[in-house]
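Reader: I would like to go through this model by asking what each descriptive term rests on. Could we begin with the pairing of charged side chains and then turn to the ligand?

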Amino acid sequence: MAKDVIIALDFPFAEETLAFLDRFGGEERKPFVKVGMELFYSAGADIVREIKRRGHKIFLDLKLHDIPNTVKRSMAVLSSLDVDMCNLHAGGGKAMMSAALEGLTRADGSRPLLIAVTQLTSTSEEVMREELWIDHPMDETVMHYAQNAASSGLDGVVCSPLEAGRVHGVCGEGFLTVTPGIRFDDASKGDQVRVTTPAKARELGSDYIVVGRPVTAADDPVAAYRRCVADFCAQ
Ligand code: C5P
């Protein structure tokens, strides 16, 4: 399985997003990028089409969670934008995940990769127990949701690089781990708590790293991106 670096385009507007991507105009292979809710809600399908036209692969990070029929029909719309990866909340259940896969599958049988969010990293075990009434420990819950995603036919989960080995152990080596929380050794952590370098994420078995501020806020984003690729994708 080829490893890749995904740049999180956490910008609020199309203009600054495209100005940022202009800096990668000279790159032989355009970076894989993540478009999240902030940019999608502000700039819509047009920004997705424009980024695609420029030759980037896109992870559309909209984390769907609704009744199966609504998710199926919404995924069909996202799939028609020719994105490469989509996601949803595993908490929506297996019927919703299966419906999502059906919706994503195009007439020619191709489809974007479909990745599940298990528990958000902002959710603590205490919140799970007191508010959500989930009595199992966090790590067991995360692995159970990952297994639900795998048995529904999904391609992988978003998780910490520190969980990648266990996810692969439980769901199989081919089940993808898409891992944020990446920092260079010499950088500030920002609001991330448990962070991992690109090289360490590779060692731990991550399949894709999602990198935001270490690239988007760097003095030289292209150099920072190249450094991620060299450290994470190197053979
Ligand atoms: O700037 P930074 O590298 O922290 O950005 C990480 C990206 O990954 C952001 O888009 C963030 O929303 C996303 N993410 C995360 N932790 C998760 C899931 C997604 O940091 N558990």
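Author: In this predicted model, arginine 53 forms a salt bridge with glutamate 50, and their closest N and O atoms are 2.8 Å apart.

Reader: Why is the pair of arginine 53 and glutamate 50 called a salt bridge?

Author: The term asks for a side-chain nitrogen of Lys or Arg within 4 Å of a carboxyl oxygen of Asp or Glu; the closest N and O atoms of arginine 53 and glutamate 50 are 2.8 Å apart, and therefore the pair qualifies. Side chains of opposite charge can pair when their charged atoms come close. Both residues belong to helix H2 (residues 37–53), where they are three residues apart, about one turn of the helix. The structure holds 16 salt bridges.

Reader: What makes the approach of arginine 183 to the ligand a polar contact?

Author: The cut-off for a pair of N or O atoms is 3.5 Å, and a polar side-chain atom of arginine 183 lies 2.9 Å from an oxygen atom of the ligand, so the pair counts. By that cut-off two further pairs also count, because a ligand oxygen is 2.8 Å from a polar backbone atom of glycine 212 and a ligand oxygen is 2.7 Å from an N or O atom in the side chain of arginine 213. Of the 460 Å² of accessible area that the ligand has on its own, the protein covers 80%.

Reader: Which elements each supply at least two residues of the shell around the ligand?

Author: They are strand S8 (208–211) and helix H9 (213–216). By class, the shell has five nonpolar, three polar and four charged residues, and the ligand sits in the largest pocket.

Note on methods
Residues are numbered from 1 along each chain as its sequence is written. This is a predicted model: local features need pLDDT of at least 70, side-chain atom pairs count only at pLDDT 80 or more; totals for chains, interfaces and linings use all residues. Side-chain values use heavy atoms; hydrogens and water are left out. A polar contact is a pair of N or O atoms within 3.5 Å; within protein, one must be able to donate a hydrogen and the other to accept it, and residues adjacent in sequence count only if both atoms are side-chain atoms. Accessible areas come from the Shrake-Rupley method with a 1.4 Å probe; for residues, only the protein chains shown count as cover. On a 1 Å grid over the protein atoms alone, a cavity is a set of points where a 1.4 Å probe fits but cannot get out, and a pocket is an open set with protein on both sides within 12 Å along at least five of seven lines; lining residues have an atom within 4 Å of a point. A molecule sits in a cavity or pocket if more than half of its atoms lie within 2 Å of its grid points. Helices (H or I, at least four residues) and strands (E, at least two) are DSSP runs, numbered from the N terminus. Ala, Val, Leu, Ile, Met, Phe, Trp, Tyr, Cys and Pro count as nonpolar, Asp, Glu, Lys and Arg as charged, and the others, Gly among them, as polar.
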